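Trainee: Please take one part of this model, the loops, and go through it closely. I would like to know where each one sits, what is unusual in the backbone there, and what surrounds it.

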Amino acid sequence: MSEKVDLLKSRGMIITNEDFAQNTLKHINYYRLSGYWKIFEEKIDSENHKYHNNTSIERIVNLYLFDKKFRLLILEAIESFEISFRTIWAYTLAIKNNDSHAYIDTKNFEKTDKHISHLSDIMKNYSISKEDFLVHYRTNYSSPIFPPIWSICESFSFGTLVNLYSNLKINLKKDISREFHLDDEVFESCLRNINVVRNICAHHGRLWNKKLTSCRMKIPKKPEKLYDLWEKSKNEDSKIYNTILILNYFSNIIDYKSKWIYELNKFLIKSIDNKIIYVTDLKMMGIKSLSELNKL
């Protein structure tokens, strides 16, 4: 670890406590942390760089720890939305088709080959699932051979659920997105974005200043308040702010007494007050000011 510490020092990083630096790098991979110090790098030539003045190892670790707690708050909102979406998806298909096994019927899906592929994965996962209610069905029922939609959907990954929604017939898509008061295309883009963010969080990836360019969400025209608050600038719309905005929007639909945005705001204020992060760090998240979050 001492070689890595020497390398950081040679590039201008302030390290006054080498034991702290070595212990940090012993338990947090150098390349995992590198995502946090990259914003402080200044290129010298094509192969070398140095760090901005006053860049310390403590500053980097603070950002890392801030991001860790931030991801947990984001996951909390995603969990609530995922459970709600999963439930609405299952019951919409069942009720609209008067069929407890509507997820099997290809007539409910646009592309049959895609549906067969998704169905194959679902059946394979079901056959090895250790969930009590699915084991109970396998043990006690032989017809229909597969469980009803409202039980088997609990074994789907969120990514599978998003793909199943994407392949639904348009009338079913609209029925589901209507429950969240969004246009079906906007809603689908939100699902894609949330799925990417969920995976980043699940794998402990850097999130706070991540550019989500591969999963930009479509601008919601309605409701008006959501449209007004939405970051529409192309350079800013891929930052985490819009994801925070849509997760708060969903949280309030699921529970009108939701305090999620309040808890997030409290966390950000405390982080700034304790000099864990700075206002410039908020801007890298797409948050122009804390007062902006108070409008949500």
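Mentor: Helices here are DSSP runs of H or I with at least four residues, strands are runs of E with at least two, and both are numbered from the N terminus. The model is predicted, so local features need pLDDT of at least 70 and side-chain atom pairs count only at pLDDT 80 or more, while totals for chains, interfaces and linings use all residues. Residues are numbered from 1 along each chain as its sequence is written, and side-chain values use heavy atoms, with hydrogens and water left out.

Start with the loop between helix 6 (132-140) and helix 7 (149-152), which contains P144. The peptide bond joining S143 to P144 is cis, with omega at about -10 degrees. A second cis bond runs from K222 to P223, where omega is near -5 degrees. P223 belongs to the loop between helix 10 (184-202) and helix 11. For background, most peptide bonds are trans, and most residues other than glycine have a negative phi.

The loop from helix 10 to helix 11 also holds H204. Phi of H204 is positive, near 60 degrees, and H204 is not a glycine. N54 is another non-glycine residue with a positive phi, about 70 degrees in its case. N54 is placed in the loop between strand 2 (49-51) and helix 4. Its relative accessible area is 67%, so N54 counts as exposed (exposed is over 50% relative accessible area, buried under 20%, partly exposed in between, with a 1.4 Å probe and protein chains only).

T16 sits in the loop between helix 1 (2-10) and helix 2 (18-27). T16 is exposed too, because its relative accessibility is 70%. From the C-alpha of T16 to that of D184 the distance is 54 Å, and the two residues are 168 apart along the chain.

S238, in the loop between helix 11 and helix 12, has other surroundings. With a relative accessible area of 2%, S238 is buried. Leaving aside neighbours within four places in sequence, S238 is in contact (heavy atoms within 4.5 Å) with K210, K211, L212, T213 and R216.

What do the cysteines C201 and C215 contribute in terms of disulfides? A disulfide is taken as a pair of cysteine sulfur atoms within 2.5 Å, and by this rule the count is zero. The closest cysteine sulfur to that of C201 belongs to C215 and is 12 Å away, which is too far for a bond. C215 is likewise in no disulfide, as the sulfur nearest to its own is that of C190, at 11 Å. Both residues are buried: C201 has a relative accessible area of 4%, and C215 has 5%.

Next, the helices that these loops connect. The largest nonpolar core (a set of buried Ala, Val, Leu, Ile, Met, Phe, Trp, Tyr and Cys residues joined through side-chain atoms within 4.5 Å) has 90 residues, and F70, F85, W89 and I244 have the most contacts inside it. Helix 4, which runs over 57-97, gives the most to this core, with 17 residues. Apart from neighbours within four places in sequence, F70 is in contact with L207, W208, I240, I244, L264, F267 and M285. I244 therefore appears twice, once among the core residues with the most contacts and once among the contacts of F70.

Helix 9 (residues 170-178) is another element with a buried side. Its buried residues are L172, K173, D175, I176 and S177. They pack against helix 4, helix 8 (158-166) and helix 10. Helix 4 and helix 10 each border a loop already described: the loop with N54 leads to helix 4, and the loop with H204 starts from helix 10.

To collect the backbone points, the cis bonds are at S143 to P144 and K222 to P223, and the positive phi values are at N54 and H204. As for accessibility in the loops, N54 and T16 are exposed, whereas S238 is buried.
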